[in-house]
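Trainee: I'd like a close look at a single part of this model, please. Pick one that ties several features together, and take me through how it fits into the rest of the chain.

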Amino acid sequence: MTKKVQGNDSFQRINYLYQISKYMASKNPALSSYYGNLIVNVAKKNVLKIHPDIKRQVCKKCRCILIDTVSAKMHLKMKRKRKFIQWTCNTCGTKKTFPADRNSDYQVWLERPNAVVEVVS
């Protein structure tokens, strides 16, 4: 007997909206941010966590998908001997910064072993 994953249809919708938003980022940034806004609203309504890889690509202010040289600029920065990746949105100018050290012990919460409660196959 297979277990049904709660919110599976919502995850599929988020995935579809993400793909459309990424496709529309170069053609129409306003439409891309509309789809990005729908992604966040679907996740909030169904109380779901957006995957960190998707969440990092969505601008926090205008909700446009961040793609290097298309809808955003990416810079590598050094602060106190640590590397950071800084994304700047071309639409609204908001900056997002992420650690980029390979040997750093920083991990996203979902990648930590204590985040996994049960594996559904």
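Mentor: Happy to. Before we count anything, a word on terms: helices here are DSSP runs of H or I with at least four residues, strands are runs of E with at least two, and the numbering starts at the N terminus. Please keep in mind that this is a predicted model.

On that basis, the protein chain has three helices and three strands, and along the sequence they follow the pattern α-α-α-β-β-β. The C-alpha trace spans about 50 × 40 × 20 Å along its principal axes. Of the 121 residues in the chain, 31% are buried. If you take contacts between residues at least 6 apart in sequence, 41% of them join residues at least 24 apart.

The part I would pick is β3, residues 95-99. Let's begin with the sheet to which β3 belongs. The sheet is open, has three strands in the order β1-β2-β3, and pairs them in the antiparallel sense. β1 (72-79) and β3 are the edge strands; each has a single partner, so one side of each is left without a neighbour in the sheet. On average, neighbouring strands are turned by 25° against each other, direction ignored.

The partner of β3 is β2 (residues 82-89), and the two are joined by five bridges in the antiparallel sense. You can locate the pairing with two residue pairs. Phe 84 has Pro 99 of β3 as its bridge partner, and Gln 86 stands opposite Thr 97 in β3. The hairpin that links β2 and β3 has five residues between the strands, and there Gly 93 takes a positive phi near 85°.

Now look at the faces of β3. In a regular strand, side chains alternate between the two faces of the sheet. That is what you find here: Lys 96 and Phe 98 point to one face and are buried, whereas Lys 95, Thr 97 and Pro 99 point to the other and are not buried.

Thr 97 deserves a closer look. How much of Thr 97 is accessible? Its relative accessible area is 44%, and because partly exposed covers values from the 20% cut-off for buried up to the 50% cut-off for exposed, Thr 97 is classed as partly exposed. Beyond its neighbours within four places in sequence, Thr 97 is in contact with Phe 84, Ile 85 and Gln 86. Met 74 lies 23 residues away from Thr 97 along the chain, with 9.7 Å between their C-alpha atoms.

β3 also takes part in the largest pocket. This pocket has a volume of about 530 Å³ and a lining of 19 residues, with Ile 50, Pro 52, Lys 55, Arg 56 and Lys 60 nearest its centre. Which elements give two or more residues to that lining? They are α2 (29-45), α3 (52-55) and β3, and α2 supplies the largest share, with four residues. By character, the lining divides into twelve nonpolar residues, seven charged ones and no polar ones.

For contrast, here are a few residues outside β3. Ser 21 sits in helix α1 (residues 8-24). Its relative accessibility is 0%, so Ser 21 counts as buried. Leaving out residues up to four places away in sequence, Ser 21 touches Ser 32, Tyr 35, Gly 36 and Ile 65.

Two loop residues are also worth a visit on your Ramachandran plot. Most residues other than glycine have a negative phi. Val 47, however, has a positive phi of about 50° without being a glycine; you will find Val 47 in the loop between α2 and α3. With 73% relative accessibility, Val 47 counts as exposed. Arg 80 likewise is not a glycine and has a positive phi of about 50°, this time in the loop between β1 and β2. Its relative accessible area of 83% makes Arg 80 exposed.

To come back to where we started: β3 is an edge strand with a single partner, its side chains alternate between a buried set and a set that is not buried, and β3 gives two or more residues to the lining of the largest pocket.

Methods:
Residues are numbered from 1 along each chain as its sequence is written. This is a predicted model: local features need pLDDT of at least 70, side-chain atom pairs count only at pLDDT 80 or more; totals for chains, interfaces and linings use all residues. Side-chain values use heavy atoms; hydrogens and water are left out. On a 1 Å grid over the protein atoms alone, a cavity is a set of points where a 1.4 Å probe fits but cannot get out, and a pocket is an open set with protein on both sides within 12 Å along at least five of seven lines; lining residues have an atom within 4 Å of a point. Grid points are joined across faces, edges and corners, and a volume is the space filled by probe spheres set on the points. Ala, Val, Leu, Ile, Met, Phe, Trp, Tyr, Cys and Pro count as nonpolar, Asp, Glu, Lys and Arg as charged, and the others, Gly among them, as polar. Two strands pair if DSSP finds at least two bridges between them. Axes are lines fitted to C-alpha atoms, for helices over the stretch in contact, and angles run from 0 to 180 degrees between N-to-C directions. Buried means under 20% relative accessible area, exposed over 50%, partly exposed in between (1.4 Å probe, protein chains only). Contact means heavy atoms within 4.5 Å.
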